[in-house]
Amino acid sequence: MSHFKFRMQNIVGLRERERDAAAGSYKEALAAKTKVEGQVDELLREHAQQVPLQSASSVGAINTQRLIESQRYQLHLLQQVSQLREQIALIETECEKRRLKLVNQEQALRSLEKLRDKQRAQWNTLEAQREQTAIDQWAGFKYWKESQSS
């Protein structure tokens, strides 16, 4: 009894590796986005921490130099946040490109898998027909042999 062999199995393996590479690339882009978003959150927390310091500086004897430095630092933090948000936008664009590539790779692999399944079903049908033919021939031969010996 022979076994089913899909002639394009090497291509399936190649498509699987391409899909896995695309998935890895997409995960890397998502990780980069998460990292930059974490940096933005940290900067915003640091920005918020400056507000109580400014309030304390304006009570009693006002230390104008400290107040101005705190406000400059807040502006610097907001500028960094703005730059990081621009980076996030670029990373999101790259994420979308990589996601689409992953989807295309999965579709290509799925189409080959469907072809393999269809060919396997056809092979199983032919194999069943061959087995039935062999059984029919054997039964016919046995009947003929029994009829000859009687």
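Buried means under 20% relative accessible area and exposed over 50%, with partly exposed in between. Leucine 78, which lies in helix H2, has a relative accessible area of 39% and is therefore partly exposed. The structure described here is a predicted model.

**Overall form**

The chain has 2 helices and 0 strands. Its radius of gyration is 35 Å, well over the 15 Å that the globule rule gives for 150 residues, so the chain is more spread out than a compact globule. The C-alpha trace spans about 130 × 25 × 15 Å along its principal axes. Helix H1 covers residues 9–57 and helix H2 covers residues 64–149.

Distances within helix H2 can be illustrated with one residue from it, glutamate 146. The C-alpha atom of glutamate 146 is separated by 96 Å from that of glutamine 80, and the two residues are 66 positions apart along the chain. Glutamate 146 has a relative accessibility of 46% and counts as partly exposed.

Of the 150 residues of the chain, 19% count as buried. The accessible surface comes to about 11400 Å², and 54% of this belongs to carbon and sulfur atoms. Among contacts in the chain with a separation of 6 or more, 85% are between residues 24 or more positions apart.

**Nonpolar cores and a surface patch**

The largest nonpolar core has 10 residues: Ala29, Val36, Val40, Leu43, Leu77, Val81, Leu84, Ile88, Ile91 and Cys95. H1 and H2 are the elements that give two or more residues to this core. The most comes from H2, with 6 residues. A second, separate core has 6 residues, including Phe4, Phe6, Val12 and Leu112.

Cysteine 95 belongs to the largest core. Leaving aside residues up to four places away in sequence, cysteine 95 touches Tyr26, Ala29 and Leu30. Of these contacts, Ala29 is itself a member of the largest core.

Nonpolar side chains also appear on the surface: Leu44, Leu75 and Leu78 form a patch there, with about 260 Å² of accessible area together. Leucine 78 enters this patch as a partly exposed residue, at 39% relative accessible area.

**A buried glutamine**

Glutamine 105 is placed in helix H2. The relative accessible area of glutamine 105 is 14%, which is under the 20% limit, so this residue is buried. Outside the stretch of four places on either side in sequence, glutamine 105 touches Glu18, Arg19 and Ala22.

**Salt bridges**

Side chains of opposite charge can pair when their charged atoms come close. With a cut-off of 4 Å between a side-chain nitrogen of Lys or Arg and a carboxyl oxygen of Asp or Glu, the count comes to 8 salt bridges. Three of them are listed below.

| Nitrogen side | Oxygen side | N to O distance |
|---|---|---|
| Arginine 19 | Aspartate 20 | 3.0 Å |
| Lysine 33 | Glutamate 92 | 3.2 Å |
| Arginine 99 | Glutamate 96 | 2.7 Å |

The salt bridge of arginine 19 is with aspartate 20. Aspartate 20 is partly exposed at 45% relative accessibility, and arginine 19 is partly exposed at 25%. Arginine 19 is also one of the residues touched by the buried glutamine 105.

Lysine 33 and glutamate 92 have their closest N and O atoms 3.2 Å apart. Because lysine 33 lies in helix H1 and glutamate 92 in helix H2, the pair ties together parts that are 59 residues apart in sequence. Glutamate 92 counts as partly exposed, at 38% relative accessibility. The pair is also part of a network of salt bridges that links Lys33, Glu37 and Glu92.

Arginine 99 and glutamate 96 form a salt bridge within helix H2. The two residues are 3 apart in that helix, so about one helical turn separates them. The relative accessible area is 31% for arginine 99, which is partly exposed, and 35% for glutamate 96, which is partly exposed as well.

Key:
Residues are numbered from 1 along each chain as its sequence is written. This is a predicted model: local features need pLDDT of at least 70, side-chain atom pairs count only at pLDDT 80 or more; totals for chains, interfaces and linings use all residues. Side-chain values use heavy atoms; hydrogens and water are left out. Buried means under 20% relative accessible area, exposed over 50%, partly exposed in between (1.4 Å probe, protein chains only). Helices (H or I, at least four residues) and strands (E, at least two) are DSSP runs, numbered from the N terminus. Patches are made of residues with over 30% relative accessible area and no salt bridge: like charges are joined within 9 Å, nonpolar side chains (Val, Leu, Ile, Met, Phe, Trp, Tyr) within 5 Å. Accessible areas come from the Shrake-Rupley method with a 1.4 Å probe; for residues, only the protein chains shown count as cover. A nonpolar core is a set of buried Ala, Val, Leu, Ile, Met, Phe, Trp, Tyr and Cys residues joined through side-chain atoms within 4.5 Å. Contact means heavy atoms within 4.5 Å. The radius of gyration is taken over C-alpha atoms; the globule rule is 2.2 Å times the number of residues to the power 0.38.
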